[in-house]
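Let us take a walk through this protein together, from its overall outline down to a few charged pairs. Have the 3D view open and ready to turn.

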Amino acid sequence: MQIKRQGLFIALVICLIASMGSAAAFTQAWNSGTGQPKFITSDGVNMYAAEGSNLDCVSPTGSSIWTVAHAVVDNGSCLKVGKYVFLGEGNNVLALNKADGSTKWTAANPLGTGQAPKYILVKGAYVIVSNDEKVVILNREDGTNATAITDAATTAKPMLFGGLYIGGTAAGVQAYNAIMLPDVRVKAINKQADKTTATIENIGLSNANSLLVKFVVRKTDGTYRTIHLNGGTINAGATKDVVINGAFSKGYVIVDPYYKMPELNEGNNQRYFS
């Protein structure tokens, strides 16, 4: 009797699997009809497909949003989507507006003459462009150089990790720390009757540690006062409010006033208020 029960159970399982087979199989949901893609990526909203000489933006339902004529480097793999669509074409790097594929900016030969980009990484306000030998950091909004071209040979696709630029060599994993610098600036100043608040932003690629903030303020009696405060750590991409108490008519704020911390940009550290 036990054997018969086991046989009946097995037969029921086989019937259940057979009945599920057609329902569980993959079926085609849609096809965009935009051409054969070499590389596909997404920004979480739409998809972007590099197919030979064109770049397509495809909706989640498969409809074509736009197609533009760009031959993306390395079979399309030199393509990264952030605030804009960043791509390598020939020896250049372009940023496209995601709404319609129009060109926002073009960086000509960012890695040097004859150096084709191979990898694009995006973090915060910067775009990191590299190939197997060199790397450079561009400003996200206009494509201008934020750093000089740097030798950074890699045998593998690089990545960003722990505030470092990570590549590969014959001897193992290679980390570069000079590339991944912070960049602090005074984003805004809010002066009130009894206090002044400076909003400090780190738009760089690594954390800013033990950050010194200097206030030079004019008191209501016309005298000036200099105040130094430790802003602590501001992580890459983060902001922090630094407050001084008192009534002040005007003044200015400088972050890292004595250039103790290497930055991507040393020219954006000061802001006036009145």
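Accessible areas here come from the Shrake-Rupley method with a 1.4 Å probe. For the protein in front of you, which is a predicted model, the accessible surface comes to about 14600 Å², and 53% of that belongs to carbon and sulfur atoms. Of the 274 residues, 38% are buried.

Now zoom out to the overall outline. Taken along the principal axes, the box filled by the C-alpha atoms is roughly 100 × 60 × 45 Å. The radius of gyration is 27 Å, whereas a compact globule of 274 residues would have one near 19 Å. The secondary structure consists of 22 strands and one helix. Among contacts with a separation of 6 or more, 45% are between residues 24 or more positions apart.

Next, the charges. There are 24 positive and 19 negative side chains in the protein, with 9 Å between the centres of the two sets. How many salt bridges does the structure hold? There are six, and three of them make good stops on our walk.

Start with Glu 141 and Lys 83, whose side chains meet in a salt bridge at 3.2 Å, N to O. Glu 141 sits in the loop between β11 (134-139) and β12 (150-151), and Lys 83 in the loop between β5 (79-81) and β6 (85-89), so this pair ties together parts that are 58 residues apart in sequence. Glu 141 counts as partly exposed because its relative accessibility is 34%; Lys 83, at 46%, also counts as partly exposed. These two residues belong to a network as well: salt bridges that share partners join Lys 83, Arg 140 and Glu 141.

Move on to Asp 132, which forms a salt bridge with Lys 118, their closest N and O atoms lying 3.1 Å apart. Here Asp 132 comes from the loop between β10 (126-130) and β11, while Lys 118 comes from the loop between β8 (103-107) and β9 (119-123); the two are 14 residues apart. Asp 132 is partly exposed, with a relative accessible area of 27%, and Lys 118 is partly exposed at 25%.

The last stop joins two strands. Arg 185 and Glu 201 form a salt bridge with their closest N and O atoms 2.8 Å apart. Because Arg 185 lies in strand β16 (residues 184-191) and Glu 201 in strand β17 (residues 195-202), the pair ties together parts that are 16 residues apart in sequence. Is each partner buried or exposed, or in between? Arg 185 is partly exposed at 31%, whereas Glu 201, with 13% relative accessibility, counts as buried.

Terms used:
Residues are numbered from 1 along each chain as its sequence is written. This is a predicted model: local features need pLDDT of at least 70, side-chain atom pairs count only at pLDDT 80 or more; totals for chains, interfaces and linings use all residues. Side-chain values use heavy atoms; hydrogens and water are left out. A salt bridge is a side-chain nitrogen of Lys or Arg within 4 Å of a carboxyl oxygen of Asp or Glu. Helices (H or I, at least four residues) and strands (E, at least two) are DSSP runs, numbered from the N terminus. Buried means under 20% relative accessible area, exposed over 50%, partly exposed in between (1.4 Å probe, protein chains only). The radius of gyration is taken over C-alpha atoms; the globule rule is 2.2 Å times the number of residues to the power 0.38. Contact means heavy atoms within 4.5 Å. Lys and Arg count as positive and Asp and Glu as negative; His and the chain ends are not counted. The place of a charge is taken as NZ of Lys, CZ of Arg, CG of Asp or CD of Glu.
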